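Please look at the structure shown here and follow its interior step by step. The explanation begins with a group of aromatic rings and then turns to the surroundings of that group.

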Amino acid sequence: MTGAEGFSPRSDEHAPLTPGWSCGSCGDEWPCATKRARLLEEYGDRAMLSVYLGSCLAAASEDLHTAPVASLQDRFIGWLPRGPRTR
């Protein structure tokens, strides 16, 4: 998930660093609070955001195979708002 070889994300992108799945900007677990807020802004469709985060969860579960599944689910998709989104 870090991108192509030689790719270096901008320091404010809050991109994940694998295989530890930490934030490349702030060092918190990815998705960090800043990235969560940005993802909610970037994805108008919560279903598409769920698909994206589900794919990240699948990749992270392979990298972090000793982490409890429930913990990873909470981290990657458990924070998503429930119910209709209003603007």
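Trp21, Trp30 and Phe76 form one aromatic cluster. Rings of Phe, Tyr and Trp (for Trp, its six-membered ring) pair if their centres lie within 6.5 Å; planes under 30 degrees apart count as stacked, over 60 as edge-to-face and the rest as tilted. The model is predicted, so local features need pLDDT of at least 70 and side-chain atom pairs count only at pLDDT 80 or more, whereas totals for chains, interfaces and linings use all residues. Residues are numbered from 1 along each chain as its sequence is written, and side-chain values use heavy atoms, with hydrogens and water left out.

A search of the whole structure finds four aromatic pairs. In one of them, the ring centres of Trp21 and Trp30 are 5.9 Å apart and the planes stand at 55 degrees, so this pair is tilted. Trp30 also forms a tilted pair with Phe76, with 6.1 Å from centre to centre and 50 degrees between the planes. This second pair links distant parts of the chain, since Trp30 lies in the loop between β2 (22-23) and α1 (33-42), while Phe76 belongs to helix α3, 46 residues away. Helices (H or I, at least four residues) and strands (E, at least two) are DSSP runs, numbered from the N terminus.

Are these rings buried or exposed? Buried means under 20% relative accessible area, exposed over 50%, and partly exposed in between (1.4 Å probe, protein chains only). Trp21 is buried, at 1%; Trp30 is buried, at 0%; and Phe76 is buried, also with 0% relative accessibility.

The buried residues of α3 are Leu72, Arg75 and Phe76. Seen down the helix axis, they fall within an arc of 80 degrees (taken from the directions from the axis to the C-beta atoms), so they line one face of α3. The cover over these buried residues includes β2, α1 and α2.

The largest nonpolar core (buried Ala, Val, Leu, Ile, Met, Phe, Trp, Tyr and Cys residues joined through side-chain atoms within 4.5 Å) has 15 residues, and those with the most contacts inside it are Trp21, Trp30, Leu49, Leu53, Phe76 and Trp79. Two or more residues each come from α2 (46-63) and α3 (69-78), and α2 gives the largest share, five residues. Leaving aside neighbours within four places in sequence, Trp79 is in contact (heavy atoms within 4.5 Å) with Pro31, Arg36, Leu39, Leu40, Leu49, Leu53 and Asp74.
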